[in-house]
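User: Got a minute to go through a structure with me? I'd like to talk about empty space and packing.
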Amino acid sequence: MERTNMLSNARIYGLPAVLLVCCLLALSNATQAQTVRAAVYENPPKLYINQSGQPDGIFAAVLEALAASNDWQLEWQPCQWQQCLQMLENSELDLVPDVAWSEERSALFDFHQIPVLHSWSQIYQGDGPLLQSIPELHGKRLAVLQGSIQQQHLQRQALEFGTEIIFVYADSYQLAFNAVQRGEADAAAANHTFGDLQAEVMGLRPTPIMFQPSRLFFATSRGRNSGLLEQIDQQLQGWRNDPQSVYFNILRDWQPDNSTIVARIPPVIWWLGALLLGLLLLTLGFNLLLRYRVQEKTRHLHHNEQRAYSGERDRSFRGS
């Protein structure tokens, strides 16, 4: 009888206990942070490793904010650009930041829908006559990031213009600029955010050759991590609807300092501006003086006409 009661109690209390344990295990798994393996490579100010050895830049800050909002555990993986894309294709990475969308890449990787940033590319050169157009790159050594969207675009443009460009391949924009600095290349192609930041420091000049406006995303392996992309889009949508969101705060934090921009303006521009302003003020002063003289002449003529009319009327009155 006692044994029967024990079995009965086990049935009554054991099943709920088992269910409770299962629920707790499921809850524990559900609340466990998702690990996201993300690439970090040298492309300041959008993404780079700072002097403290930590990922930094616009995309790093955005991804850190995404991780905090979605309970992700980030694992940063340093790599070179082409290596990053290869690791992503092999599913060794979950996300590669700062990837420009193209039809070729969309066949290899998946992208979310809302771009993180918009950008364009530009040619930067060393000494010599300023390059003005793609055909002027004929016979020039042009350093490009290997596997980059700039390389693909410029190769097509060179073919269309019948221009023979000698491409010098580099593993990073920094190395491409170094090649120009060392005289191993005549010019380099880079996104404008990197180029504008580094050109003056490294003694390079921006050229008027701007090309390929692009939308920048996080990319993931084809057919994998669709949940990550959905979370990114959902978060970006909310942030972009709020001017005070963490997203806009990040963009404001990474805007160039106005004093730095002013300091980079050549003195000749200031003198030219002062000269134009002086000429404008002189022209305005001359116009005001001319208007005053015309008004004085008009008043004088009107006064003389009134006197003549009055005199004529007096003579007519006396003659009558």
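User: Which helix is Gly 195 found in?
Analyst: Helix 7, which covers residues 192–198. Keep in mind that this is a predicted model.

User: Is Gly 195 buried or exposed?
Analyst: Buried. Its relative accessible area is 0%, and the cut-off for buried is under 20%.

User: What does Gly 195 touch, leaving out residues up to four places away in sequence?
Analyst: Tyr 124 and Phe 177.

User: And how far is Gly 195 from Gln 174, C-alpha to C-alpha?
Analyst: The separation is 9.3 Å. Along the chain, Gly 195 and Gln 174 are 21 residues apart.

User: Zoom out. How many helices and strands are in the chain?
Analyst: The chain has 11 helices and 11 strands. It has 320 residues, and 37% of them are buried.

User: What share of the contacts join residues at least 24 apart?
Analyst: 76%, counted among contacts between residues at least 6 apart in sequence.

User: Now cavities. How many are there of 30 Å³ or more?
Analyst: Two. The largest has a volume of about 170 Å³. The second largest comes to about 40 Å³.

User: Start with the largest cavity. Which residues lie nearest its centre?
Analyst: Asp 98, Ala 100, Ile 149, Gln 150 and Tyr 173. The full lining has 18 residues.

User: Which elements give two or more residues to that lining?
Analyst: Strand 5 (96–100), strand 7 (117–125), helix 5 and strand 11. Strand 7 gives the most, with three residues.

User: What's the chemical make-up of the largest cavity's lining?
Analyst: Eight nonpolar, seven polar and three charged residues.

User: And what lines the second largest cavity?
Analyst: Tyr 41, Glu 42, Gln 80, Trp 81, Leu 145, Asp 171, Ser 172 and Tyr 173. By class, that is four nonpolar, two polar and two charged. Tyr 173 is also among the residues nearest the centre of the largest cavity.

User: On to pockets. What volume does the second largest pocket have?
Analyst: About 170 Å³.

User: Which residues line that pocket?
Analyst: Trp 101, Ser 102, Glu 103, Glu 104, Ile 149, Gln 152, Arg 156, Gln 212, Pro 213, Ser 214 and Arg 215. The elements giving two or more residues are helix 4 (103–106), helix 5 (149–161) and strand 11 (205–221).

User: Which element has the largest share there?
Analyst: Strand 11, with four residues.

User: How does the lining of the second largest pocket divide by class?
Analyst: Three nonpolar, four polar and four charged. Ile 149 is one of the lining residues of this pocket, and Ile 149 is also named in the lining of the largest cavity.

User: Last topic, helix packing. At what angle do helix 8 and helix 9 cross?
Analyst: Roughly 75 degrees, and their axes come within 7 Å. Helix 8 spans residues 226–240 and helix 9 spans residues 246–253.

User: Why call that pair roughly perpendicular?
Analyst: Because the crossing angle is roughly 75 degrees, and 65 to 115 counts as roughly perpendicular. That makes helix 8 roughly perpendicular to helix 9.

User: Which residues meet there?
Analyst: From helix 8, Leu 236, Trp 239 and Arg 240. From helix 9, Val 246, Tyr 247 and Phe 248.

User: How does that contact divide by class?
Analyst: Five nonpolar, no polar and one charged.

Note on methods. Residues are numbered from 1 along each chain as its sequence is written. This is a predicted model: local features need pLDDT of at least 70, side-chain atom pairs count only at pLDDT 80 or more; totals for chains, interfaces and linings use all residues. Side-chain values use heavy atoms; hydrogens and water are left out. On a 1 Å grid over the protein atoms alone, a cavity is a set of points where a 1.4 Å probe fits but cannot get out, and a pocket is an open set with protein on both sides within 12 Å along at least five of seven lines; lining residues have an atom within 4 Å of a point. Grid points are joined across faces, edges and corners, and a volume is the space filled by probe spheres set on the points. Ala, Val, Leu, Ile, Met, Phe, Trp, Tyr, Cys and Pro count as nonpolar, Asp, Glu, Lys and Arg as charged, and the others, Gly among them, as polar. Axes are lines fitted to C-alpha atoms, for helices over the stretch in contact, and angles run from 0 to 180 degrees between N-to-C directions. Angles under 35 degrees count as roughly parallel, over 145 as roughly antiparallel, 65 to 115 as roughly perpendicular and the rest as oblique. Contact means heavy atoms within 4.5 Å. Buried means under 20% relative accessible area, exposed over 50%, partly exposed in between (1.4 Å probe, protein chains only).
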